[in-house]
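Me: I'd like a close look at one part of this model, the place where two helices pack against each other. Walk me through that spot, then follow the thread out to whatever else is worth a look.

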Amino acid sequence: MTLRIGIILGSTRPHRNGPQVARWVLDSASRRGDAEFELIDLHDHPLPHLDEPVAPMHGPSPHAHTRAWAARIAPFDGYVIVTPEYNGGMPGVLKNAIDHVFAEWADKAVGFVSYGAGGGGRAVTQLRTVCATLGLADVSRAVEISVLTDFENYTAFTPREQHAAALTMLLDQLIAWSGALASLRSATEGADHGHVAVAR
């Protein structure tokens, strides 16, 4: 089985720095050969503020936009979330996208690449709590990128060498965990998982 890893770009702001970071992650990961990697840009998947009449854990959504987002997320075995830090936390658009679905996240692995004035670590701290609640296994390795030292004139991404090594370790863990969790996902497919069948 070939593992599939989704790289989620968690910012939709105009003139955002995220695409450069996400493309660096994708280009680096795609050279590995031990999984397939795909970019998922939230800008391409606009979602309203959470408008589900019942919690997503209780069944399929009546809304086409949520069903489309669920179908986009479901096929992957793991994720790398690329996130900025805004005022000490993750972007609202990212939290909203995460909250729109439930079963699609379960029993998968996730790693984090963050960026901000201080590297974005506080956004990752929030994400670890949220992802754990959803049944995602977050790997310990993370990449924290400073917009002060890793961007020329705050706009052109020029990552330091240490970040390439950190990303390699993150992906090593992520792929190992994604593979290990595959048997668990297979065993629970179709079973009651938080009151709904896990969507694949």
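Reply: Start with helix H1 (residues 18-30) and helix H5 (residues 161-188): in this predicted model, their axes come within 11 Å and cross at roughly 65 degrees. The crossing of H1 and H5 is right-handed. On the H1 side, the contact is made by Trp24, Val25, Ser28 and Ala29, and on the H5 side by His163, Ala164, Leu167 and Leu171. Sort those by class and you get 6 nonpolar residues, 2 polar ones and no charged ones. The spacing has a simple background: an α-helix has 3.6 residues a turn, so residues three or four places apart point the same way.

His163 is worth zooming in on. This residue sits in helix H5, and because its relative accessibility is 3%, against a cut-off of under 20%, His163 counts as buried. Its side chain has a partner, too: a polar contact of 3.0 Å joins His163 to the side chain of Asp150. If you skip the neighbours within four places in sequence, His163 is in contact with Trp24, Val143, Glu144, Ile145 and Asp150. Trp24 is one of the H1 residues that make the helix contact, so you've already met it on the other side of the crossing.

Let's move on to another helix, H2 (residues 64-73). Its buried residues are Thr66, Trp69, Ala70 and Ile73. Seen down the axis of H2, these fall within an arc of 100 degrees, so they line one face of the helix. Flip to the other side of H2 and you find Ala64 and Ala71 exposed. What covers the buried residues includes strand E1 (4-9), strand E2 (36-41), strand E3 (78-84), helix H3 (92-99) and strand E4 (108-116).

H3 has its own buried set: Leu94, Asn96, Ala97 and Ile98. The buried residues of H3 pack against E1, H2, E3 and helix H4 (121-133).

A loop residue ties into both of these helices. Leu42 lies in the loop between E2 and H2, and at 4% relative accessibility Leu42 counts as buried. Not counting residues up to four places away in sequence, Leu42 touches Ile8, Leu9, Gly10, Thr12, Trp69, Val93, Leu94 and Ala97. Among them, Trp69 is one of the buried residues of H2, while Leu94 and Ala97 are buried in H3. If you want a yardstick for the whole picture, the C-alpha atoms of Leu42 and Ser178 are separated by 22 Å, with their positions 136 residues apart along the chain.

Last, a couple of backbone oddities. Asn87 has a positive phi of about 50 degrees although it isn't a glycine. Asn87 is placed in the loop between E3 and H3, and at 86% relative accessibility it counts as exposed. Asn153 also has a positive phi, near 55 degrees, and it is a residue other than glycine. Its place is in the loop between strand E6 (151-152) and strand E7 (156-157), and at 62% relative accessibility Asn153 counts as exposed.

Note on methods. Residues numbered from 1 in each chain as written. Predicted model: local features only at pLDDT ≥ 70, side-chain atom pairs only at ≥ 80, totals over all residues. Heavy atoms only, no water. Axes fitted to C-alpha atoms, helices over the stretch in contact; angles between N-to-C directions. Helix = DSSP H or I, 4+ residues; strand = E, 2+ residues; numbered from the N terminus. Left-handed = near helix turned anticlockwise from the far one by under 90°. Contact = heavy atoms within 4.5 Å. Nonpolar A, V, L, I, M, F, W, Y, C, P; charged D, E, K, R; others polar. Buried < 20%, exposed > 50% of the residue type's maximum accessible area, 1.4 Å probe, protein only. Polar contact = N/O pair within 3.5 Å; in protein donor to acceptor, adjacent residues only side chain to side chain. Arc of directions from axis to C-beta.
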